[in-house]
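I opened this notebook to keep track of what I look up in one structure. The entries follow the order of my reading.

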Amino acid sequence: MAGPESVRTCQTHGVEIYDALEAEEQQLAAVLAGLTTAQWDAPAACAGWSMADVLLHLAQCEEAVVATLQGDALDWSALGDSVESAMDSYVAAERSGGPAVLARWEGARRAALAAFRAADQRARFAWVTNTLRPASLATTRLAEHWAHALDIAGPLGIDYPDTDRLRHILWLAHATLPYAFGVAGEDAPSVRIEAVAPAGEVWVFGAEDAEAVVRGSAGELARIGARRLDPGGSSVTTSGQRGGEVLARLRNFAV
């Protein structure tokens, strides 16, 4: 690991998350701008979805963000028996061609960013199965845009470099561990995550005397939390009796 001068203890992500979310969306937009019709229609890494379907899902969720922040949260349960089935049903009902979906997403993401910045930052808003403050909700949107960008760029062989915005995603992964363990009917151990940033800095989440410690590159840890990388196929290491459980529960989403 790097020396103390390069270690940063991460306690909060702050409202700068909105700038980070916008930057992540812009990085994805640069990838999408050059897609051909064949590429839009090609299978994404999400089973059963095309590239256009993935972006449609993101557009629908950004529209839902706007509605949520305006006090009119979408009833996801009306769309399916689970969050996953609801998302599938929503996409299936509104499928369209790539260019039309791109225009819809551009409008939706810009409206959501404006709504985030205008929202009462202390208020909690209903989102799927939780209530979240705007900054936390924006962090989930950053995490989802990043993960789905991988689902698009990877199969197309397009480079999608990791950035320091992964810090926000790992903050979310660490913050949601108690909830993730609770969903499984288990008590969460105290956890410390030590993540090596793309530039080499070490980001630290959690106390020094935590029961379980997880160490690895930010990119691998974020991919494990997004269910895009099997922990066994990574170079991530753990210490403490429950380190393996932490990796199994790590998630970059709040539902």
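Before placing any residue, I fix the term: a helix here is a DSSP run of H or I with at least four residues, and helices are numbered from the N terminus. With that settled, I can write that Ala-218 is found in helix α9. I also note at the start that this is a predicted model.

**Entry 1: the whole chain**

I looked up the secondary structure and found 10 helices and seven strands in the protein chain. I then asked what radius of gyration a compact globule with 255 residues would have. The answer is near 18 Å, and the protein chain has 18 Å, so the two agree. Along its principal axes, the C-alpha trace spans about 50 × 40 × 35 Å.

Next I looked up cover and contacts. Of the 255 residues in the protein chain, 50% are buried. Among contacts with a separation of 6 or more, 68% are between residues 24 or more positions apart. The protein chain exposes about 11,200 Å², and 51% of this comes from carbon and sulfur atoms.

I also checked the charges. The protein chain has 20 positive and 33 negative charges, and their mean positions are 3 Å apart.

**Entry 2: helix α7**

Which residues of α7 are buried? I list Leu-166, Arg-167, His-168, Ile-169, Leu-170, Trp-171, Leu-172 and Ala-173. The helix runs over residues 166-175, and eight of its 10 residues are buried, so I describe α7 as mostly covered.

**Entry 3: Ala-218**

I went back to Ala-218 in α9. Is this residue buried or exposed? Its relative accessibility is 0%, and the limit for buried is under 20%, so Ala-218 counts as buried.

I then looked up what Ala-218 touches beyond its neighbours within four places in sequence. The contacts are Leu-166, Leu-170, Ala-195, Val-196, Ala-197 and Trp-203. Two of these names, Leu-166 and Leu-170, are already in my list of buried residues in α7. I also took one distance: Ala-218 and Pro-198 are 20 residues apart in sequence, and their C-alpha atoms are 7.1 Å apart in space.

**Entry 4: the loop after α9**

I moved on to the loop between α9 (218-225) and β7 (237-239), where Arg-227 has its place. Arg-227 has a positive phi of about 60°, although it is not a glycine. Its relative accessible area is 46%, so I enter Arg-227 as partly exposed.

Ser-234 is found in the loop between α9 and β7 too. At 16% relative accessibility, Ser-234 counts as buried. What does the side chain of Ser-234 reach at 3.2 Å? It reaches the backbone nitrogen of Val-236. A polar atom of the Ser-234 side chain also lies 2.7 Å from the backbone oxygen of Pro-231. Leaving aside neighbours within four places in sequence, I find Ser-234 in contact with Glu-220, Ile-224 and Leu-229.

**Entry 5: Glu-62 and Gln-26**

I looked up Glu-62, which has its place in helix α3 (residues 51-69). Its relative accessibility is 0%, so this residue counts as buried. Which residues does Glu-62 contact, leaving aside neighbours within four places in sequence? They are Glu-25, Ala-108, Arg-109, Ala-112, Arg-141 and His-145.

Gln-26 lies in helix α1 (residues 17-32). At 43% relative accessibility, Gln-26 counts as partly exposed. I took its C-alpha distance to Glu-106, 80 residues away along the chain, and got 9.7 Å.

**Entry 6: the end of α6**

Leu-156 is found in helix α6 (residues 134-156). Not counting residues up to four places away in sequence, Leu-156 touches Leu-35, Gln-39 and Met-51. Its C-alpha atom is 24 Å from that of Asn-252, with the two positions 96 residues apart along the chain.

Gly-157 is found in the loop between α6 and α7. Is Gly-157 buried or exposed? It counts as exposed, at 68% relative accessibility. My last distance is from Gly-157 to Ala-226: these residues are 69 apart along the chain, and their C-alpha atoms are separated by 19 Å.

Definitions and conventions
Residues are numbered from 1 along each chain as its sequence is written. This is a predicted model: local features need pLDDT of at least 70, side-chain atom pairs count only at pLDDT 80 or more; totals for chains, interfaces and linings use all residues. Side-chain values use heavy atoms; hydrogens and water are left out. Buried means under 20% relative accessible area, exposed over 50%, partly exposed in between (1.4 Å probe, protein chains only). Helices (H or I, at least four residues) and strands (E, at least two) are DSSP runs, numbered from the N terminus. The radius of gyration is taken over C-alpha atoms; the globule rule is 2.2 Å times the number of residues to the power 0.38. Contact means heavy atoms within 4.5 Å. Accessible areas come from the Shrake-Rupley method with a 1.4 Å probe; for residues, only the protein chains shown count as cover. Lys and Arg count as positive and Asp and Glu as negative; His and the chain ends are not counted. The place of a charge is taken as NZ of Lys, CZ of Arg, CG of Asp or CD of Glu. A polar contact is a pair of N or O atoms within 3.5 Å; within protein, one must be able to donate a hydrogen and the other to accept it, and residues adjacent in sequence count only if both atoms are side-chain atoms.
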